[in-house]
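Dear colleague,

I am passing on the structure below, followed by some notes on what was found in it. Please read the notes with the structure open beside them.

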Amino acid sequence: MGGSDSAGRLVRPFTLTGGRTRPSRADFTLITTVTAADPQPGTAARPQPEHTRILRLCARPTAVAELAARLDLPVSVVVIMLCDLLEAGRITVRPPRPVTTPDPDLLQKVREGLGRL
């Protein structure tokens, strides 16, 4: 919310969310990947300017944290706006892949290999 852009921020974050403080869904984490739907649904209402900006940034898969940074908005505000876009069918969401535990045998082999250097 710094005044880094040339005009300064004139709209407070709560106005971007219609006063909502909580997302309508729990689909989003900082590393959830968001992609704009292609093609965009024709029956959905015209998106707000902030939503349009998100859709442009999501032309390629983009993490929620990166969106918040590029928009210079709190993550909580971005997540609420992403919920709106998801419910309108304008974005697709891919949750992060679960972290798997590495194979202990493989780690031992790597350790032994490094010990030879």
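**Notes on the model**

Pro39 is found in the loop between β1 and α2, and the peptide bond that leads into it from Asp38 is cis, with omega near 5°. Please keep in mind throughout that this is a predicted model, so that the cis bond, like everything else below, is a feature of the prediction.

The interior is perhaps the best place to continue. The largest nonpolar core has 21 residues, of which Phe28, Val34, Ile54, Leu82 and Ile91 touch the most other members. The elements that give two or more residues to this core are β1, α2, α3 and α4, and α4 gives the most, with eight residues. As for Val34, leaving aside residues up to four places away in sequence, its contacts include Phe28, Leu82 and Ile91, and also Cys58, Arg60, Pro61 and Thr62.

Helix α3, which spans residues 64-71, has Val64, Leu67, Ala68 and Leu71 as its buried residues. Seen down the axis of α3, these buried residues fall within an arc of 100°, and they therefore line one face of the helix. What covers them includes β1 (33-36), α2 (49-57), β2 (62-63) and α4 (75-87).

What comes after α3? The helix is followed by Asp72, a residue in the loop between α3 and α4. The phi of Asp72 is near 55°, a positive value in a residue other than glycine. With a relative accessibility of 27%, Asp72 counts as partly exposed, because it falls between the 20% limit for buried and the 50% limit for exposed.

Thr62, which lies in strand β2, is a polar residue that I would ask you to look at with some care. Thr62 counts as buried because its relative accessible area is 6%, under the limit of 20%. The side chain of Thr62 reaches the backbone oxygen of Arg60 at 2.8 Å, while the residues that Thr62 touches, not counting those up to four places away in sequence, are Thr32, Thr33, Val34, Leu57 and Leu67.

Finally, a word on the cysteines. Cys58 is buried, at 0% relative accessibility, and Cys83 is buried too, with a relative accessible area of 1%. How many disulfides does a search of the whole structure find? The search finds zero.

With best wishes

Key: Residues numbered from 1 in each chain as written. Predicted model: local features only at pLDDT ≥ 70, side-chain atom pairs only at ≥ 80, totals over all residues. Heavy atoms only, no water. Buried < 20%, exposed > 50% of the residue type's maximum accessible area, 1.4 Å probe, protein only. Helix = DSSP H or I, 4+ residues; strand = E, 2+ residues; numbered from the N terminus. Arc of directions from axis to C-beta. Contact = heavy atoms within 4.5 Å. Core = buried A, V, L, I, M, F, W, Y, C linked by side-chain atoms within 4.5 Å. Disulfide = S-S within 2.5 Å. Polar contact = N/O pair within 3.5 Å; in protein donor to acceptor, adjacent residues only side chain to side chain.
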